[in-house]
Amino acid sequence: MVRFLVAEKSTRVVASAHWTPGVAALFLVDGSLAFLAMCSAYAFSPYFHVLAQPNRLPHFGQVGASVLFGLLIAATSQIFGLHNPLQARQVWPMFIRCLGSVLLAIGGLAVLVFAVFYSRIGRYILAGSAFYTLALMAGARLLIWRQSEQRHQRILLLGAGRTGQEVKAVIKQSGLPLDVVAFVDHNPQLVGQAVGDNAILGSRLALKDRCLDLQIDEVVACIGRKVSEEAMTQLLECLSLGVRVSDYASFVERNFFQVPVENIGGEWFLQADLELTHPFYLGVKRLGDVLAALAGLTLSSPLLALAALALKLESRGPILYSQVRTGLHNRPFKIWKLRTMRADAEKDGPQWAEGGDRRVTHVGRILRRTRLDEVPQFWNILRGEMSLVGPRPERPEFVEKLSREISFYNQRHLVKPGLTGWAQLNYSYGASAEDATNKLKYDLYYIKYTSLGLDFQIILRTAGALMKGSR
């Protein structure tokens, strides 16, 4: 059955590199503003019209430094969550993130210029670049917020049942510039009632006329996976007016970066056009995994030695421990971690780890907070059992249980498990079937849109999470 082909096609084009329009635009804007800021700092510097001096960048290097600074700002902005469309629109937190991004980029630039050019950038240049970039980045976001607030997207929900009400609740919680204008439902028992402050309109008037009267920008079909011919005809008429038409799953994926697993069927995996075996992607990803694992094990070896000593001093038991986890295509493998719990933590059988778990030792709590306990998994990455980015591997006992309770839970094993992942960034620590369902929504989103672009975003945002010490 044809299902909203235009909406699906546009989503797939964006997903090819997984830079949503908003994220891609902010990435480009931040980089461009930083480039202009450093060029301005050079232009207003007293050294700009003086011949290049020893230990200072020559004029041809100034453009290169500005380009490098722009790239660093674009990356650090991602680290500090400034490109996250779902980030709360609060001025002071935004300003603090901009400041952190600028300071990190300035520090990185100074180190790189010294290491590569064996030169330095004057303090006036660095200070001017930092000031101009901070002002431009914060100002750009305030302008974007103001413009988007002036033109909210007007949404019409087709279907006032449970799915339609879920869409309204998600939109309200998100804070995005989306307004639910009304519901349309053919059920006479619902017509004339209201969901919150939104009326439920009947289907007596054609859907396209409703769109014209209410100035609708998008119709979201919340009427299940089987759409009647009459409903499809009306939706296509709306499409011909220039109104965007989406089903519930497509709308949630595009705006909230998750897959509503409760509202999809097996056909979703066929229509998703999954590209999980592309040789170029797999080759580049494997190369990145190996390099990252080698670097991680090498750089962290002194910290691992200190952690091992602390673990031995605090409690008895092994320094490392292994668990069987479920990997790619349901193949079991042994995962390695630093021990963070008491040696008898599972004397009563397998248990979910919880936030504030009493079985965790004092040293273990520090290791978990810094994620140093996960470092031995770089060995699993070198062996090819895991990747740097992917769904977190779960224990077979829990996989068997959750597969019975949650639809499509086994499909998270279509890709290699990862050290970090989309679900870990977007959902807090979970220890229940409900939490597993919510994390699966993000895991399926990653599986559908897996790409080097998405992996790059996850790695940068993970760096930001590590800086905050979040788990």
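**Exercise 1. Overall architecture**

Among contacts in the protein between residues at least 6 apart in sequence, what percentage join residues at least 24 apart?

Solution. The structure is a predicted model.
- Step 1: take the contacts between residues at least 6 apart in sequence; 75% of these join residues at least 24 apart.
- Step 2: set this beside the secondary structure, which consists of 17 helices and ten strands.
- Step 3: add the burial figures. The protein has 471 residues, of which 49% count as buried.
- Step 4: turn to the surface. About 23900 Å² is exposed, and carbon and sulfur atoms supply 62% of that area.

**Exercise 2. The two sides of helix H14**

Determine which residues of H14 are buried, where they sit around the axis, and what covers them.

Solution.
- Step 1: list the buried residues of H14, which spans residues 396–405. They are Phe398, Val399 and Leu402.
- Step 2: check their directions. The three span an arc of only 100 degrees around the axis, so they lie on the same side of H14.
- Step 3: look at the face turned away from the buried side. Glu400 and Arg404 are the exposed residues there.
- Step 4: identify the cover. Strand E7 (320–326) and helix H16 (433–449) are included in what covers the buried residues of H14.

**Exercise 3. Salt bridges and what they join**

For the pairs Asp455–Lys285, Asp443–Arg412 and Glu397–Arg395, give the N to O distance and the burial of each partner.

Solution.
- Step 1: start from the total. The protein has 16 salt bridges. Side chains of opposite charge can pair when their charged atoms come close.
- Step 2: take Asp455 and Lys285, whose side chains meet at 3.6 Å, N to O. Asp455 belongs to helix H17 (residues 452–468) and Lys285 to helix H11 (residues 279–314), so this salt bridge ties together parts 170 residues apart in sequence. Both partners are buried.
- Step 3: take Asp443 and Arg412, where the closest N and O atoms are 3.1 Å apart. Asp443 is in helix H16, while Arg412 is in the loop between H14 and strand E10 (418–420), so the pair links parts 31 residues apart in sequence. Relative accessibility is 3% for Asp443, which counts as buried. Arg412 is also buried, with a relative accessible area of 6%.
- Step 4: take Glu397 and Arg395, with 4.0 Å between the closest N and O atoms. Glu397 is partly exposed at 40% relative accessibility, whereas Arg395 is buried at 10%.
- Step 5: note a network of salt bridges, which links Lys337, Asp373, Glu374 and Arg392.

**Exercise 4. Nonpolar cores and a surface patch**

Find the residues that touch the most other members of the largest nonpolar core, and the helix that gives the largest share of this core.

Solution.
- Step 1: the largest nonpolar core has 46 residues, and Trp422, Leu444 and Tyr446 touch the most other members.
- Step 2: H16 gives the largest share of this core, eight residues.
- Step 3: follow the contacts of Trp422, not counting residues up to four places away in sequence. Trp422 touches Phe257, Tyr442, Tyr445, Tyr446, Leu454, Ile458 and Arg461.
- Step 4: a second, separate core has 24 residues, including Ala34, Ala41, Leu72 and Leu134. In soluble globular proteins, nonpolar side chains tend to be buried together.
- Step 5: now consider nonpolar residues on the surface. Val63, Val67 and Leu71 form a nonpolar patch there, with about 260 Å² of accessible area together. Leu71 is in helix H3 (residues 59–79) and is exposed, at 54% relative accessibility.

**Exercise 5. Positive phi in loops**

Where are Gln215 and Asn330 placed, and what is the phi of each?

Solution.
- Step 1: Gln215 is in the loop between helix H7 (207–214) and strand E5 (218–221). The phi of Gln215 is near 55 degrees, a positive value in a residue other than glycine.
- Step 2: Gln215 has a relative accessible area of 58% and is exposed, the cut-off being over 50%.
- Step 3: Asn330 is in the loop between E7 and strand E8 (332–338). The phi of Asn330 is near 65 degrees, again positive in a residue other than glycine.
- Step 4: at 39% relative accessibility, Asn330 counts as partly exposed.

How values were computed
Residues numbered from 1 in each chain as written. Predicted model: local features only at pLDDT ≥ 70, side-chain atom pairs only at ≥ 80, totals over all residues. Heavy atoms only, no water. Buried < 20%, exposed > 50% of the residue type's maximum accessible area, 1.4 Å probe, protein only. Helix = DSSP H or I, 4+ residues; strand = E, 2+ residues; numbered from the N terminus. Arc of directions from axis to C-beta. Contact = heavy atoms within 4.5 Å. Areas by Shrake-Rupley, 256 points an atom, 1.4 Å probe, with all protein chains shown as cover. Patch = residues over 30% accessible without salt bridge, like charges linked within 9 Å, V, L, I, M, F, W, Y side chains within 5 Å. Core = buried A, V, L, I, M, F, W, Y, C linked by side-chain atoms within 4.5 Å.
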